[in-house]
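Here is a short tour of one protein model, written for someone meeting helices and pockets early on. Have a look at the picture, then read along.

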Amino acid sequence: MIRQAVRPSPLFLLILAITAVGCFLSTVDNEVVMTIGIVVTVLGGWTASLCLHEFGHALFAYRGGDRSVVFKGYLTLDPRRYTDPVLSLLLPLLFLAIGGIPLPGGAVWINRHALRNKGAESAVSLAGPLANLGIGILLALAVTITQPAPGLAAGLSYLASLQVMAFVLNILPIPGLDGYGAIEPYLPYRYQEMGAKARQWAPLILFAVLIGIPPVNEAFHSLSGGLFGLVGGDPFAALVGQYLFMFWR
C-alpha cells in the first residue's frame, strides 16, 4: 500500500521542473540571466525541500503505525497538503528571501496515539531534519564531484548550506521544533505539558533572538557553516550564491 500511496503530485513535479529551469539559467554567461537562474534555483529547491521535509515525517509516521497520513495526502509531496499555504510556504520563502533564515515550513498532523512506541515518535520528528541534512549533503557532493558552471555551483552550494542550516535549526531541543519532538516522548508528563504550552511562541522567540542578537546569530551561522564544511560543502561558492540570491542588498 505504501508504494501506491507515494505518488509525487503534479504540483511537486512542476516545482522540480521550475528548479531545473533555474539551474539551466544559472549556467548562462550573462550576469542578469545567471542571477535570475540562481534565485529560481534557490526558491524552487527550497520549496521542494519543504515538501520532502514533511514527507519524511509522514513516511516514518506511516511506518510507525499511523495509516491516516495516506488519506490526508501527506505522501504525495503536494505542498497544498501541508497546512496553510501562506504560513507553511509563502512565509518561509519570504523570510528566506529577506533574511536568509531557513524557517521551518509546513506541518503534518500525526496521530501519535497510533504510533507503536516512543522510538517511532522520535523517528517521526527526526525524519524531517535528517531529510534536510541529506539533501544538503547530496547537493554539496554534486557540486564537488561534477564541478558545474560557476553560477550553478553558487546556487546549488547556497541551497545546500540552507539545508544544513535548516537541520541545525530544526534539531534544537526547543518546543515547536523537531529536536524537541524527538525527546518529548521521554520527558516527564509535567514537562510535556510545559512544552505544549510553549510550542506556539518558543520558535518565534528563537527567530527574534537569531535576528536581533548578533552574537547568537554569529554562533548559529558558525555552527551551520562548520557542519556545511564537514559534509563537503564549498563555503566560498555558497557565499557567492547568497550574495547573488540577495542581489538587491
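How many nonpolar, polar and charged residues are in the lining of the second largest pocket? The lining has 7 nonpolar residues, 6 polar ones and no charged ones. Keep in mind that this is a predicted model.

**The pocket**

The second largest pocket holds about 210 Å³ of space. It is lined by 13 residues, and those closest to its centre are Ser161, Met165, His221, Ala238 and Gln242. Three helices, α7 (150-170), α11 (214-230) and α12, each supply at least two residues of that lining.

**Helix α12 and its partners**

Let's stay with α12, which covers residues 235-245. Here is how α12 packs with two other helices:

| Pair | Axis distance | Angle |
|---|---|---|
| α3 and α12 | within 9 Å | roughly 100 degrees |
| α7 and α12 | 7 Å | about 95 degrees |

An angle of 65 to 115 degrees counts as roughly perpendicular, so α3 and α12 are roughly perpendicular to each other. The label also fits the other pair: α7 and α12 are roughly perpendicular.

Who touches whom? On the α7 side, the contact with α12 is made by Ala153, Ala154, Ser157, Tyr158 and Ser161. From α12 come Ala237, Ala238, Val240, Gly241, Gln242 and Phe245. Sorted by class, the residues of this contact are 7 nonpolar, 4 polar and no charged. Ser161, Ala238 and Gln242 may ring a bell, as they are among the residues closest to the centre of the pocket.

Now for α3, which runs over residues 31-64. Its residues Met34, Thr35, Ile38, Val39, Val42 and Leu43 meet Gly241, Leu244 and Phe245 of α12. That contact has 7 nonpolar, 2 polar and no charged residues.

Val32 is in α3 too. Along the sequence, Val32 and Leu244 are 212 residues apart, yet their C-alpha atoms are 9.9 Å apart in space. Is Val32 buried or exposed? With a relative accessible area of 57%, Val32 is exposed, because the cut-off for exposed is over 50%.

**Two loop residues with positive phi**

Leu77 is not a glycine, but its phi is positive, at about 65 degrees. You'll find Leu77 in the loop between α4 (68-71) and α5 (85-99). Leu77 has a relative accessible area of 7%, and under 20% counts as buried, so Leu77 is buried.

Gln147 has a positive phi as well, near 50 degrees. Gln147 sits in the loop between α6 (118-146) and α7. At 60% relative accessibility, Gln147 counts as exposed.

Note on methods: Residues numbered from 1 in each chain as written. Predicted model: local features only at pLDDT ≥ 70, side-chain atom pairs only at ≥ 80, totals over all residues. Heavy atoms only, no water. Axes fitted to C-alpha atoms, helices over the stretch in contact; angles between N-to-C directions. Helix = DSSP H or I, 4+ residues; strand = E, 2+ residues; numbered from the N terminus. Parallel < 35°, antiparallel > 145°, perpendicular 65-115°, else oblique. Contact = heavy atoms within 4.5 Å. Nonpolar A, V, L, I, M, F, W, Y, C, P; charged D, E, K, R; others polar. Buried < 20%, exposed > 50% of the residue type's maximum accessible area, 1.4 Å probe, protein only. 1 Å grid on protein atoms, 1.4 Å probe; cavity = no way out; pocket = protein on both sides within 12 Å on 5 of 7 lines; lining within 4 Å. Points joined across faces, edges and corners; volume = space filled by probe spheres on them.
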